[in-house]
Amino acid sequence: MIILALQTLSEFDFSEFSECLTQFVQEHVLNYLEDENSKIRKAAIKTGCYLYVKNNKTIHTGNIDRVNEIIERFLIVSITDPDYKIRTKMLKYLSKRFDNLLAHKTNLKLLFQCVRNSVFEVRQQAIMILGRITDHNPSVILPFLRNELVQLLSQLEYAANIKEKEEAAKLLSLLMKYSGRMCEPYTEAMLNCLIPKLRDSSYTTLVPSVLLAMGQLSEVGGEMMRPKLGEIIPLIIDNLKDQTNAAKREIAVSALTHIVESTNYTIYPYVHYPHLIRTIRKLLLQESSLALRNAVLQLLGALGALDPYKMRQIELYASMSEESDSDIYEGCYWLYEGMIEEARRAGHHHQGVRKIAVDAKHVDKEQQNKEKIANYLQKSDKTDNIAQFDEAFYPTVAIKALMRVLLVPNLKEYHEIVLQASKFILKSLTTDCVPFLPIIIPPLLNLIKTNESNMTSSLFEFLSELVNNVGENIEPYCPPIFEVIYQYLDEKNPLILSLIHISEPTRPLYISYAVFCLKKKKKKQK
């Protein structure tokens, strides 16, 4: 009953009685903070805070000293309560509306004690509050947070227990998130502490926390991280390839996105690390987690768009080579130099970007690589050689991708959406969709033959629209289309109208559906 009464009380609006609220909370709510029942203590904490959150006017217009006493009482609970969950909840309930009061000297001392708490969750909440209220009393809070930062770096470096190192890395992330300006001068020291942890294979469980801290550090350090990018990016890419831990891959993607955005290190990662785009593509195609795939798309947006022809050159060279990324980079340096020259002409200045000296050996290697890539490009099919400025480039890429989805049985739940997207593209192209028939017809007919009945109707409708769009240009594909129609044609079949629509445009052709049926009949008679 007490718990229910406290919960009901927290829903009341006391804005008209703001002068009496402080006294009411002191006399009728705070007494329950020392109750033996932990559920009653939790309800009392929630009610006390909610009454002030809903009646924020009371905090500023009421008796400040008495309100301070209540806040102090709340903070004492967050230190002394035997249940760590209640201590954590207490700090969570102290929202931004209490910031002015929390910044008072007496309350700050209690918060400092919470940071020293043995329970990690309590320390987390205390650091978040201190970072949030720094601007209210910087002369007291900043020296303490600097000292805490140094202690966390020492804990991350020298703690014997992996769990303690993990906690130190997570608290560093929070400290940088909520007190970024204070952490900026320590960027180099933090990098020197974090990078070895990513490099050491014995810290596998620690890596996600370190990646999180690295991503947050990039927000703080920005351009100051550029000299270390050559060490950081390969380590992050290695974690992107790790198939054992999906959560770690998601954190690695997020960290790389933060680093790229904060350091303005765009476009060049494709050239410095040619295998990066292949890694990103694998994540998009193979990952089942929607959150991770969204994070990968954000990373692609942050990296920027490279000219498709140059991207093709990098990918081909990477696929031909079994060398490391750095060796591939030296092989592609002629392309990189061209990008630098373009940037110079555009008036951009890129700092901290690696350059390679051109000598006689490099010139020979450059010529060989150019010839290799030119040969590969010539061997590719015609659609792969379409230039970016060609109008057919983007429809070709889109239709190829959609047809690949149709060929994968495990993705059958997306087949309807693929058909709708394909219809839209072909409708916009009208008769210009003829060059795409070799890409569309084979997988479409294969799917009709093997598909379940619930999709057959949609597939025939799509085929009907396609045939009507291209008209007489469908002639080379008539025999296989007629074979499929012949299997399904029946007076009682509900698909009869779609089948007639498909066969109708073929009447003037040399190979019409009628001729096809007659030939079939003769074969049967023989």
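In this tour a helix means a DSSP run of H or I at least four residues long, and helices are numbered from the N terminus; with that in mind, I267 can be placed in the loop between helix 16 and helix 17. The model on display is a predicted one, and the stops below move from that loop to the whole protein, and then through its charged pairs and a few individual residues.

**The loop between helix 16 and helix 17**

Select I267 first and check its backbone, where phi is near 70°, a positive value in a residue other than glycine. I267 has a relative accessible area of 18%, and because buried means under 20%, I267 counts as buried. Now add N264 to the selection, which is found in the loop between helix 16 (246-263) and helix 17 (268-272). N264 also has a positive phi, of about 55°, although it is not a glycine. With regard to solvent, N264 counts as partly exposed at 47% relative accessibility, whereas I267 is buried.

**The whole protein**

Zoom out and colour by secondary structure, and the protein comes to 30 helices and zero strands. Of the 526 residues in the protein, 47% are buried. If you display the surface, about 27700 Å² is exposed, with carbon and sulfur atoms supplying 52% of it. How far apart in sequence are the residues that contacts join? Among contacts between residues at least 6 apart in sequence, 70% join residues at least 24 apart.

**The positive patch**

Keep the surface on and select K39, K42, K46, K85, K89 and K92, which gather in a patch of positive charge on the surface. The elements that give two or more residues to this patch are helix 3 (38-54) and helix 6 (84-93). Centre the view on K39, whose place is in helix 3, and which counts as exposed at 59% relative accessibility.

**Q125, in helix 9**

From the patch, go to Q125, which is found in helix 9. Leaving aside residues up to four places away in sequence, Q125 touches T88, L91 and K92, and K92 is one of the residues of the positive patch. Is Q125 buried or exposed? Q125 is buried, with a relative accessible area of 12%.

**Salt bridges**

Side chains of opposite charge can pair when their charged atoms come close. A search of the whole structure finds eleven salt bridges, and the next selections visit some of them.

Show the side chains of R116 and E148, which form a salt bridge with their closest N and O atoms 2.4 Å apart. R116 lies in the loop between helix 8 (105-115) and helix 9 (120-132) while E148 lies in helix 10 (residues 138-158), so the pair ties together parts that are 32 residues apart in sequence. The two partners can be compared by their surroundings, since R116 is partly exposed with a relative accessible area of 42%, whereas E148 counts as buried at 2% relative accessibility. Add R123 to the selection, and you have a network of salt bridges that links R116, R123 and E148.

Next select E231 and R199, whose salt bridge has its closest N and O atoms 3.0 Å apart. This pair links distant parts of the chain, with E231 in helix 15 (residues 229-240) and R199 in helix 13 (residues 187-199), 32 residues apart. E231 counts as partly exposed at 33% relative accessibility, and R199 is also partly exposed, with a relative accessible area of 48%.

Then turn to E223 and R226, whose side chains meet in a salt bridge at 3.1 Å, N to O. Which partner is buried and which is partly exposed? R226 is buried, with a relative accessible area of 9%, while E223 is partly exposed, with a relative accessible area of 38%.

**V220, in helix 14**

For the last stop select V220, which lies in helix 14 (residues 207-221) and is buried, with a relative accessible area of 12%. Which residues does V220 touch, not counting those up to four places away in sequence? They are M176, G180, C183, E184 and T187. Draw a distance between the C-alpha atoms of V220 and E184, and the viewer should give a separation of 5.7 Å for two residues that are 36 residues apart along the chain.

Note on methods: Residues numbered from 1 in each chain as written. Predicted model: local features only at pLDDT ≥ 70, side-chain atom pairs only at ≥ 80, totals over all residues. Heavy atoms only, no water. Patch = residues over 30% accessible without salt bridge, like charges linked within 9 Å, V, L, I, M, F, W, Y side chains within 5 Å. Areas by Shrake-Rupley, 256 points an atom, 1.4 Å probe, with all protein chains shown as cover. Salt bridge = Lys/Arg side-chain N within 4 Å of Asp/Glu carboxyl O. Lys, Arg positive; Asp, Glu negative; His and termini not counted. Charge placed at Lys NZ, Arg CZ, Asp CG, Glu CD. Buried < 20%, exposed > 50% of the residue type's maximum accessible area, 1.4 Å probe, protein only. Contact = heavy atoms within 4.5 Å.
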